[in-house]
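Here are a few exercises to work through with the model open beside you. Try each task on your own before you read the solution.

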Amino acid sequence: MRGYLNVACEVLRLAPPIQGASRDVLTDFMYEGFYIPKGWKIYWSTHSTHKNPEYFSEPYKFDPSRFEGRGPAPYTFVPFGGGPRMCPGKEYARLEILVFMHNLVKRFKWEKLIPNEKIVVNPMPIPEKGLPIQLFPY
Ligand code: HEM
């Protein structure tokens, strides 16, 4: 099961469904030398955090082994956000993804019908034509 989980995590890192979210600034604060005043809106970005080479070497390479052992440092892998507003559906989503992957991999081979299907982002990244595939049961 760990192997599936590492693959699922690496997909969520490379192509996070949610690109980030906004927050209201409730009090003035300094961050990395910048003054952020109360009343501003700020945006945290899943995408740019996941592609930061300080946290993930060769960030555009698909490499599920990044999640072996202790895995990424806290708050560097944030497909479900972090802190008190973190996604409450994350365990359900995790279970659903793993059950789907398990059944697909164990029971079928498959071929993509559109080999280089474009990915569009609106606002989530999805295959432009819905990823049609042909399944071949084992
Ligand atoms: C792969 C699937 C999913 C991803 C990547 C995802 C990601 C996220 C992210 C990034 C946030 C924003 C967290 C923040 O603002 O800090 C969020 C919020 C939320 N998600 Fe998900 N989510 C997923 C599935 C689900 C599912 C299955 C449910 C419900 C069954 C769900 C319910 C919610 C709710 C209600 C919020 C708002 C929480 C709040 O503002 O307090 N999500 N999700």
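**Exercise 1: The iron site**

C87 sits in the loop that runs between α2 (46-50) and α3. Keep in mind that this is a predicted model.

Task: find which protein atom is the donor of the iron atom of the ligand, and at what distance.

Solution. Start at the loop between α2 and α3, where C87 is located. Next, pick out the SG atom of C87, which lies 2.3 Å from the iron. Then look for other protein donors: C87 is the only one.

**Exercise 2: The fold as a whole**

Task: write down the order of helices and strands along the chain, and work out why the chain counts as more spread out than a compact globule.

Solution. Begin by counting elements: the chain has three helices and eight strands. Reading along the sequence, you get α-β-β-β-β-α-α-β-β-β-β. Now for the spread: the radius of gyration is 18 Å, while the globule rule gives 14 Å for 138 residues, so the chain is more spread out than a compact globule. The C-alpha trace spans about 60 × 35 × 30 Å along its principal axes. Buried residues come to 23% of the 138 in the chain. Finally, take the contacts with a separation of 6 or more: 55% of them join residues 24 or more positions apart.

**Exercise 3: The largest pocket**

Task: work out how many residues line the largest pocket, which element gives the most to that lining, and how the lining divides into nonpolar, polar and charged residues.

Solution. The largest pocket holds about 1,100 Å³ of space. Its lining is made up of 22 residues, and those nearest the centre are V11, F100, M101, P127 and L131. Go through the elements next: α1 (2-14), α3 (90-107), β5 (108-112) and β7 (125-127) each supply at least two lining residues. Helix α3 gives the most, with six. Sort the lining by type and you find 19 nonpolar residues, three charged and no polar ones.

**Exercise 4: A closer look at M101**

Task: decide whether M101 is buried or exposed, and list which residues M101 touches beyond four places away in sequence.

Solution. First place the residue: M101 belongs to helix α3, and M101 is also among the residues nearest the centre of the largest pocket. Its relative accessible area is 15%; the cut-off for buried is under 20%, so M101 is buried. Leaving out residues up to four places away in sequence, M101 touches Y4, V7 and A8. As a last step, compare with P88, 13 residues away along the chain: the C-alpha atoms of M101 and P88 are 22 Å apart.

Note on methods
Residues are numbered from 1 along each chain as its sequence is written. This is a predicted model: local features need pLDDT of at least 70, side-chain atom pairs count only at pLDDT 80 or more; totals for chains, interfaces and linings use all residues. Side-chain values use heavy atoms; hydrogens and water are left out. On a 1 Å grid over the protein atoms alone, a cavity is a set of points where a 1.4 Å probe fits but cannot get out, and a pocket is an open set with protein on both sides within 12 Å along at least five of seven lines; lining residues have an atom within 4 Å of a point. Grid points are joined across faces, edges and corners, and a volume is the space filled by probe spheres set on the points. Helices (H or I, at least four residues) and strands (E, at least two) are DSSP runs, numbered from the N terminus. Ala, Val, Leu, Ile, Met, Phe, Trp, Tyr, Cys and Pro count as nonpolar, Asp, Glu, Lys and Arg as charged, and the others, Gly among them, as polar. Donors are N, O and S atoms within 2.8 Å of the metal (3.2 Å for Na, K and Ca); water is not among the atoms, so sites may look incomplete. The radius of gyration is taken over C-alpha atoms; the globule rule is 2.2 Å times the number of residues to the power 0.38. Buried means under 20% relative accessible area, exposed over 50%, partly exposed in between (1.4 Å probe, protein chains only). Contact means heavy atoms within 4.5 Å.
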